[in-house]
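This briefing is meant for a reader who is meeting the structure for the first time. Please keep the sequence and the 3D view open while reading the points that follow.

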Amino acid sequence: MHASLSLKQARRIALAAQGLDKVRPAAPVSARAVGRTFARLHLVQIDSVNVLSRSHYLPFFSRLGNYDRSILHRMAGTHPRRMMEYWAHEASFIRPEHFRDLVQWQSRKWVGAHDMDPELRSEVAQRVLAALSAGRPLTAAELTARLGHIEDRSKDNWGWNWNAVKRVLEHLFEEGLVSAASRTESFERRYTLTARILAAAPPAGQTVPGAAAPGEAGAPDAAVPGDAAAAMVRLIDAAAQAHGIGTLRCFADYFRTPQRAAAIAVEQLVDAGRLEPVTVAGWNRPLYRHADAVLPRAATGRALLSPFDSLVFERRRLEELFGFHYRIEIYTPEAKRRYGYYVLPLLLRDGIVARVDLKADRASGSLLARASHAEAGAPADTAVELAEELQLMAEWLELDRIVVAPVGDLAPALGQAVAGLHPL
């Protein structure tokens, strides 16, 4: 018979796995603490929207508070390299040890040059690789200037109007041959050979304890190549560690891997004792708890969560676990938005209790709360806790004041709470 948990217990397991169950540390945030947080999450999603802060910075603020963002630059740009870019949930910073496993299972052909003339693609790829081998990392624009404009007639007005060089770069990125050495101030990738990125990275392909090797009893279906099957087991194990508790869909979605292959990996991890089937009252799907997952006696944390935070990016899980319906309205016409452009959920203790549309107005030095809404049943201290969280965020973003717009049912109480804060 499966172990049975309450929904609140499941929430606390999920929050602990994500490092969101406790009050943030009071001491200054060290590089080691940032590294431990990234190791726990396994990935942070990248997005170009910068209305508040780049999305990959925010998960560390949510868990650690006021930290130095240059720590991430060092983790992603110096040796030994602790972070690298690749496709995962979406474009993400990943732990380098996951790279070779992900290359076997990611298929983002739409982003590259798969429908490009093969001879042209091969020619451009050889020239790109030669240029990157010969010198420093280069942006797509710099490579285009170095190689000269190459016309691609295979598709008019393709995608984001990428030229042939950029398309081939993305093709090589997907294949794992080139990677990003760093980003420019305007968030363009500086490309280099992946071999250089991995040269001082941790080793890949660590064996999951107790997992069957290909060909052994309990090993994955023979239709899946052995190396790929083992890679899937490692990825699903990492996803389950990051979730603590979840469904097959939760685990497969974390790295955006195929559910059918993920299901085989889940069975193997159950057999190996890495996953335990459990039941959760009110969460009526097959569920699994990771062997390393802990169940805190209470959740005491508080955090504003990025729309791309790994706790919230699987929307069905978010609603089933927290009763919180969420969608990103960036691409919704303004007149049809319900909550705002860049809306962050507020986690308070073991519930998601409010949401606030935020913008960093750097010209005026203001953190703008353009709309704020409380969830049904939000606790009485929601506005005060949100005000303190906004103050912490403003300090981190080096903004001088908080401005609360009179939009949303929480706005009056939030405005009053912000007015009662000590000046920044």
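**A hairpin and its surroundings**

In the hairpin formed by E5 and E6, where five residues lie between the strands, Phe187 adopts a positive phi near 75°. The model described here is a predicted one, and the points below start from this hairpin and move on to a helix that packs against it, an open sheet, the nonpolar core and some loop residues.

**The hairpin strands**

- Strands E5 and E6 are paired in the antiparallel sense, and five bridges hold the pairing; one of the partners is Leu193 in E6, which is bridged to Val178.
- Strand E6 is mostly covered, since four of its five residues are buried.

**Helix H8**

- Helix H8 covers residues 164-175, and at 1.5 Å a residue its twelve residues should span 16 Å, which agrees with the 16 Å that separates its end C-alpha atoms.
- Eleven of the twelve residues of H8 are buried, so that the helix is mostly covered; among them are Val165, Arg167, Leu169, His171 and Phe173.
- The buried residues of H8 pack against both hairpin strands, E5 (178-183) and E6 (189-193), and also against strand E3 (84-87), helix H6 (118-134) and helix H7 (140-147).
- At the N-terminal end of H8, Asn163 acts as a cap, with a side-chain oxygen 3.2 Å from the backbone nitrogen of Val165, while the helix is followed by Gly176, whose phi is positive, near 90°.
- Arg167, one of the buried residues of H8, is 53 residues away from His114 in sequence, yet the C-alpha atoms of the two are 9.0 Å apart in space.
- His114 itself lies in the loop between helix H5 (99-105) and H6, and it counts as partly exposed because its relative accessibility is 31%.

**An open sheet of four strands**

- Four strands, in the order E1-E8-E9-E7, make up an open sheet with mixed pairing. Strand E1 (3-5) and strand E7 (245-246) stand at its edges with a single partner strand each, and therefore one side of each has no neighbour in the sheet.
- E1 and strand E8 (residues 275-280) run parallel and are joined by three bridges, and Ser4 has Thr279 of E8 as its bridge partner.
- Two helices lie across strands of this sheet: helix H12 (residues 259-271) lies across E8 and strand E9 (283-290), at about 100° to E8, and helix H13 (residues 315-322) lies across E7 and E9, at about 100° to E9.

**The largest nonpolar core**

- The largest nonpolar core has 135 residues, of which Leu52 and Met393 touch the most other members. Helix H10 (residues 226-243) gives the most to this core, contributing ten residues.
- Beyond its neighbours within four places in sequence, Met393 is in contact with Leu52, Leu58, Phe61, Leu304, Leu344, Leu358 and Leu367.

**Two loop residues with positive phi**

- Most residues other than glycine have a negative phi, which sets the background for the two residues described next.
- His42, although not a glycine, has a positive phi of about 75°; its place is in the loop between helix H2 (31-41) and strand E2 (43-45), and it is buried, with a relative accessible area of 3%.
- Arg349 is likewise not a glycine and has a positive phi of about 60°; it is found in the loop between strand E11 (343-348) and strand E12 (351-361), where it is partly exposed, with a relative accessible area of 31%.

Note on methods: Residues numbered from 1 in each chain as written. Predicted model: local features only at pLDDT ≥ 70, side-chain atom pairs only at ≥ 80, totals over all residues. Heavy atoms only, no water. Expected span 1.5 Å × (residues − 1). Buried < 20%, exposed > 50% of the residue type's maximum accessible area, 1.4 Å probe, protein only. Contact = heavy atoms within 4.5 Å. Polar contact = N/O pair within 3.5 Å; in protein donor to acceptor, adjacent residues only side chain to side chain. Pairing = 2+ DSSP bridges. Axes fitted to C-alpha atoms, helices over the stretch in contact; angles between N-to-C directions. Core = buried A, V, L, I, M, F, W, Y, C linked by side-chain atoms within 4.5 Å.
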